[in-house]
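User: I would like to go through this chain by its sheets, the helices on them and the surface. Please keep the answers short and end each on the item asked for.

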Amino acid sequence: MSWQIKPENFGCPLPAADGATVQLAHGGGSRLAAELIEQTLVPAFADPVLSRLEDQAVLESPLGAGERLAFTTDSFVVDPLFFPGGSIGELAINGTINDLAMGGARPLYLSVALIVEEGLELAILRRVIADLGAAAKAAGVRVVTGDTKVVGRGSCDKIFINTSGIGAVPAGLALSAANLQPGDKIIISGTMADHGMAIMSCRQGLSFAEPLTSDTAALHQLTAAIMAAAGMPPAAPAQKANEPEAGQALRAMRDPTRGGVAAVLTEMARASRVGVVIAEETLPVAGPVRGACEILGIDPLFVANEGKLLAVVAPESAGAVLQAMREHPLGRQAAIIGEVVAENPGLVALRTALGPHRIIDLPSGELLPRIC
């Protein structure tokens, strides 16, 4: 492996935590971000659906057809706009589709809103829009509304994109980070940290013998395969929305974006008031990514992914779900990485290869800002 590091390009955006100003870490998967959401944003709206802090809001359908609606929105400010394996356009489509899919929703419609900086080359704008269109077409999802604003030089960095999405949730399906039960198995769909390390290597000018490539992908077809393997949705509709069917084998799904696998598992453990134990030797990390992480002193558990998911499954269904994931192109490297336990509620522990455990907690600051 060959590599080059430019020390002058490195920055460490540690939060000042002065309590008076917004820090970069308030926008990432850090403890400061969680505090901002839980202490400032959620109380302001006092809505029970919003307070669940899922990736999507699952709502009663006004059409009364049995299915419910899932609604989500996200903004994308990645730097650079184009990187190995993808672009801001692909991320914007795939990311919103994935937020819907993690709730078991079938993505239907998207909106695309652009904020463009004055002076951006039209060729770049056309390339971003082409990537948006190609990603939506590949996923089979329609973009049905949008908006474009142009702001003065320096008011944004080239282009920011907001995408919102609507999907349909099958009757009786209620996935949630609060559903975990002791004995459940935790399955990851593939290798960790691919996206975050690809962005880092591109931004910092690092080069490796094997290029690091983002894993950005739309995961809704993989989630459909997982639900089918878990015997879901159930044949009989639930009587009340957001209440899981008795014996629902699939508890929750999440895509580990900002904050990585560590952040998602911590959120689940806290929401379900259970403990989580993962085994170091089972964590899949691609060779080049592992090498880059070791060189830079970064734990892949905390690095963002854009084409992977975590599924928490009842133990009796874990084998069938794992097999279904490995039969899908986006889940060939799926692995069971741990289980849910009753001890130490709210905590995630890593069982190291040598035997001892260490606690995994949210980072205090943003590992790498503007990654999505």
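**Sheets, helices and a surface patch**

Analyst: A nonpolar patch comes first; helix 1 (residues 31-45) gives the most to the patch, with four residues. The model is a predicted one.

User: Which residues form the nonpolar patch on the surface, and what accessible area do they have together?

Analyst: Helix 1 is the main contributor to the patch, with four residues. The members are L36, I37, L41, F45, L50 and L53. Together their accessible area is about 510 Å².

User: Is L50 buried, partly exposed or exposed?

Analyst: L50 lies in helix 2 (residues 48-51). Buried would require under 20% relative accessible area, and exposed over 50%. L50 has a relative accessible area of 38%, so the class is partly exposed.

User: In the open sheet of five strands, which strands stand at the edges?

Analyst: The five strands have the order 1-2-7-5-6, with mixed pairing. The two edge strands each have a single partner strand, so one side of each is without a neighbour in the sheet. The twist averages 15 degrees from one strand to the next. The edges are strand 1 (57-60) and strand 6 (142-151).

User: In what sense do strand 5 and strand 7 pair, and over how many bridges?

Analyst: Strand 5 covers residues 106-117 and strand 7 covers residues 159-169. L110 stands opposite G165 in strand 7. The pairing is antiparallel, over 10 bridges.

User: Which strands does helix 3 touch, and what angle does its direction make with that of strand 2?

Analyst: Helix 3 (residues 88-101) packs on the five-stranded sheet. Its contacts are with strand 2 (68-76), strand 5, strand 6 and strand 7. The angle with strand 2 is about 150 degrees.

User: At what angle does helix 4 run to strand 5?

Analyst: Helix 4 (residues 122-139) lies across strand 5, strand 6 and strand 7. Its angle to strand 5 is about 175 degrees.

User: In the open sheet of seven strands, which strands stand at the edges?

Analyst: The order is 9-11-8-12-10-13-14, and the pairing is mixed. Each edge strand has a single partner strand, so one of its sides has no neighbour in the sheet. The twist averages 25 degrees from one strand to the next. The edges are strand 9 (250-254) and strand 14 (357-360).

User: How many residues of strand 10 are buried?

Analyst: In a regular strand the side chains alternate between the two faces of the sheet. On one side of strand 10, G275, V277 and A279 are buried, and on the other V276 and I278 are buried. Strand 10 (residues 275-279) is therefore largely enclosed by the rest of the structure, and the count is five of the five.

User: Which residues stand opposite I278 in strand 12 and strand 13?

Analyst: Strand 10 runs antiparallel to strand 12 (residues 335-341), joined by four bridges. Strand 10 runs parallel to strand 13 (residues 348-351), also with four bridges. The partner of I278 in strand 12 is G338, and in strand 13 it is L350.

User: At what angle does helix 9 run to strand 8?

Analyst: Helix 9 (residues 315-326) lies across strand 8, strand 11 and strand 12. Its angle to strand 8 is about 5 degrees.

User: Which helix do the buried residues of helix 8 pack against?

Analyst: In helix 8 (residues 287-296), the buried residues are P288, V289, G291, A292 and C293. Just after helix 8, G297 takes a positive phi of about 70 degrees. The buried residues pack against helix 5 (194-204).

Key:
Residues numbered from 1 in each chain as written. Predicted model: local features only at pLDDT ≥ 70, side-chain atom pairs only at ≥ 80, totals over all residues. Heavy atoms only, no water. Buried < 20%, exposed > 50% of the residue type's maximum accessible area, 1.4 Å probe, protein only. Contact = heavy atoms within 4.5 Å. Pairing = 2+ DSSP bridges. Axes fitted to C-alpha atoms, helices over the stretch in contact; angles between N-to-C directions. Patch = residues over 30% accessible without salt bridge, like charges linked within 9 Å, V, L, I, M, F, W, Y side chains within 5 Å. Areas by Shrake-Rupley, 256 points an atom, 1.4 Å probe, with all protein chains shown as cover. Salt bridge = Lys/Arg side-chain N within 4 Å of Asp/Glu carboxyl O.
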